[in-house]
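Before a label such as buried, paired or bonded is accepted, it helps to ask what value stands behind it. The exchange after the structure takes such labels one at a time.

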Amino acid sequence: MITSLQSERIMTKSGPSGGRLVRLSDDKEPEKIGFIQCVGTRNKEHNYCSTVCCMHATKEAILAKENLPEIEIKIFTLDMRAYGKGFEELYQKAKNVYRIDYVRSRPSFIEEDPETKDLIVTYVSENGKLVKENFQVIVLSMEFIAPKTTKRDSQIYEIELNEHGFIETTDFKPLNTSRDGIFVCGSFSEPKDIPDSITEGSGTSALASALLADQKGSLIEKKRYPAQMEIDYENPRIGVILCHCGNEISKVVKMAELVKFIRTISDVVVVENEFYACSPQIEKKIEYMITQYNMNRLVVAACSPRTHAPLFKEILRDIGINHNMVGVVNLREQCSWVHYSSPYKATQKAMSLIQMAVAKIKKAKPLLENYAGINPRALIIGGGIAEMVVALNLAEQGHPVTLIEKGHDLGGHLKKIVFTLSGDDPQKLLFNLREKIISNTNIEVLVNSEVTDVKGYVGNFQSKVVIKKPGEKEDIRKIIHGVTIIATMPILSDSI
Ligand SMILES: Cc1cc2nc3c(=O)[nH]c(=O)nc-3n(C[C@H](O)[C@H](O)[C@H](O)COP(=O)(O)OP(=O)(O)OC[C@H]3O[C@@H](n4cnc5c(N)ncnc54)[C@H](O)[C@@H]3O)c2cc1C
Ligand code: SF4
Ligand code: SF4
């Protein structure tokens, strides 16, 4: 019997069994796994939902199926809380594609079979029958509780805790603690998943930036890079790093075949396998490839260049190689994830993508980097609660803001909402926010307005705004701005 965190570790490449799904007591692959949900939560002691465990059990179950396709999985739930973006879809996929069985029941007893060491679970099935069923592994989806140290921390920082021992916040100020200037994000205020924790992380940094606005930029030190090495860029000598991403890539793409293939591509002088190419030691590996093989160009076959190309470019600059000498191939999203059920095709596609990346990097030339100025103005489209909060925060950080609303007043849907579940007053929130926005000299509000054209690029956009005042001729404004924030909400369906 293991906890959800132990199950996560077992299925990780760097875990105790190297990513193989086994029962740790006898190193055998299980034929059947059961997940028991809401363990230690939604009870008298912790009468809240831990928010994350319905979905992380679903994720673990899918991983288990991918690890051992023949495995049978049952998830014992009280109910299913797939509340986030894409979660319902994943839940349906888990049931219908991966054939994971969700059973609405609370097991009452678990005992061990002394001979086989299997776990015999007693539960009442959905049609009311008492069932005893054998599993090789049971995963307990444990409750998320506030750490023991939270009480001590709350005393040190002089901030209040709520009845569950987490940091006290309010619905309308979820990132503010009871003390001005001390903010909270992530699971410290309540159980939360990674996307929500990240969003809150950005939110707290914006709040802190607003408080520190008059000190902005005062401690900036420009990063210095070493002089670029003397490198013969004329004759391409290409190195390829093949990232396994734990086993996210290697469980589908046949890495040994890929290595064999890459070695046949002309001008490739070295191929290296890495479990995690974005780990800190990769810099040493790249240095080794340069000194040992005289490599002057690099292809990293890993994940999305959108997230990781800047990292590899930066590593090259830190070593003293021009940042344009690296290409990133997306084996994870474009091969192993999308072609999960066709390893052969995924491997063939990986070969093609790498071959193309090698051909492209062969022609790469060292580039000089130039910086274009950034216009500090933000254009915010929509005048609802999200846009008003953003506008105010950016203005408090010292940025000029243009807020565009197509209606005749600020407020959006909030105008129609008069109470919340916890009893807060949305109309008071709207009134206070509107007052602050109207009196802030950094914010220009344009109502009855819509953006009809956008030109430019990040840091320097030009937008055309049409202002339609009833009974008057249309007014057209050109706004020059560095960023655009769109937060308009679709209208509610009439069928509701
Ligand atoms: C088994 C399991 C599976 C999960 N699966 C998913 C998933 O699939 N998807 C998902 O979105 N979310 C998942 N989550 C939730 C996810 O882990 C959390 O949302 C996320 O880690 C919260 O991040 P955090 O930074 O708020 O807290 P943490 O990650 O806990 O970070 C807090 C850090 O603060 C440090 N710290 C604590 N006290 C102090 C102190 N006094 N001084 C200094 N440092 C301190 C801790 O050591 C820790 O490093 C899962 C959680 C678990 C337990
Ligand atoms: S998220 Fe699901 S498993 Fe976790 S406490 Fe809530 S209902 Fe139970
Ligand atoms: S570089 Fe990308 S693919 Fe490789 S370990 Fe890091 S996240 Fe995974």
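The questions and answers below concern a predicted model.

Q: Why is Thr41 called buried or exposed, and where does Thr41 lie?
A: Thr41 lies in the loop between β2 (32-39) and α2 (53-67). Its relative accessibility is 2%, and because buried means under 20% relative accessible area, Thr41 counts as buried. Leaving aside neighbours within four places in sequence, Thr41 is in contact with His46, Tyr48, Cys49, Ser50 and Glu143.

Q: What makes a residue part of the surroundings of ligand 2, and which residues are they?
A: The criterion is a heavy atom within 4 Å of the ligand, and the residues around ligand 2 are Gln37, Cys38, Thr41, Arg42, Cys49, Ser50, Thr51, Val52, Cys53, Cys54 and Arg81. By class, this shell has five nonpolar, four polar and two charged residues, and β2 and α2 each supply at least two residues of it.

Q: Why is strand β3 described as largely enclosed by the rest of the structure?
A: Strand β3 covers residues 72-77, and five of its six residues are buried, so the strand is largely enclosed by the rest of the structure.

Q: How do you know that β2 and β3 pair?
A: Pairing requires at least two bridges between the strands, and five bridges join β2 to β3, so the requirement is met, with the two strands running parallel. Within this pairing, Phe35 has Ile75 of β3 as its bridge partner.

Q: How do you know how many disulfides the structure has?
A: A disulfide is a pair of cysteine sulfur atoms within 2.5 Å, and a search of the whole structure finds zero. Cys335 illustrates the test: the nearest cysteine sulfur, that of Cys303, is 12 Å away, and Cys335 is in no disulfide.

Q: Why do Cys185 and Cys335 carry the labels they do for accessibility?
A: Cys185 has a relative accessible area of 34% and is therefore partly exposed, because that label covers values between the 20% and 50% limits. Cys335, at 0% relative accessibility, counts as buried.

Q: Which residues surround ligand 3, and how do they divide by class?
A: The residues around ligand 3 are Cys243, Cys245, Tyr276, Ala277, Cys278, Ala302, Cys303, His308 and Arg332. They divide into seven nonpolar, one polar and one charged.

Q: What makes β15 and β19 edge strands?
A: Four strands form an open sheet in the order β15-β14-β13-β19, with parallel pairing. The edge strands are β15 (443-446) and β19 (483-486), each of which pairs on one side only. Neighbouring strands of this sheet are turned by 15 degrees against each other on average, direction ignored.

Q: How do you know that β13 and β14 pair, and what lies across them?
A: Four bridges join strand β13 (residues 378-381) to strand β14 (residues 401-404), where at least two are needed, and Ile380 has Leu403 of β14 as its bridge partner. Helix α11 (residues 385-396) lies across β13, β14, β15 and β19, running at about 165 degrees to β13.

Q: What joins β17 to β16 and to β18?
A: Eight bridges join β16 (residues 449-457) to β17 (residues 460-467) in the antiparallel sense, and Glu450 has Val466 as its partner in β17. The hairpin of β16 and β17 has two residues between the strands, and Gly459 takes a positive phi near 95 degrees there. On β18 (residues 475-481), β17 pairs antiparallel over seven bridges, with Ile480 as the bridge partner of Gln462.

Definitions and conventions
Residues numbered from 1 in each chain as written. Chains lettered and ligands numbered in written order. Predicted model: local features only at pLDDT ≥ 70, side-chain atom pairs only at ≥ 80, totals over all residues. Heavy atoms only, no water. Buried < 20%, exposed > 50% of the residue type's maximum accessible area, 1.4 Å probe, protein only. Axes fitted to C-alpha atoms, helices over the stretch in contact; angles between N-to-C directions. Contact = heavy atoms within 4.5 Å. Nonpolar A, V, L, I, M, F, W, Y, C, P; charged D, E, K, R; others polar.
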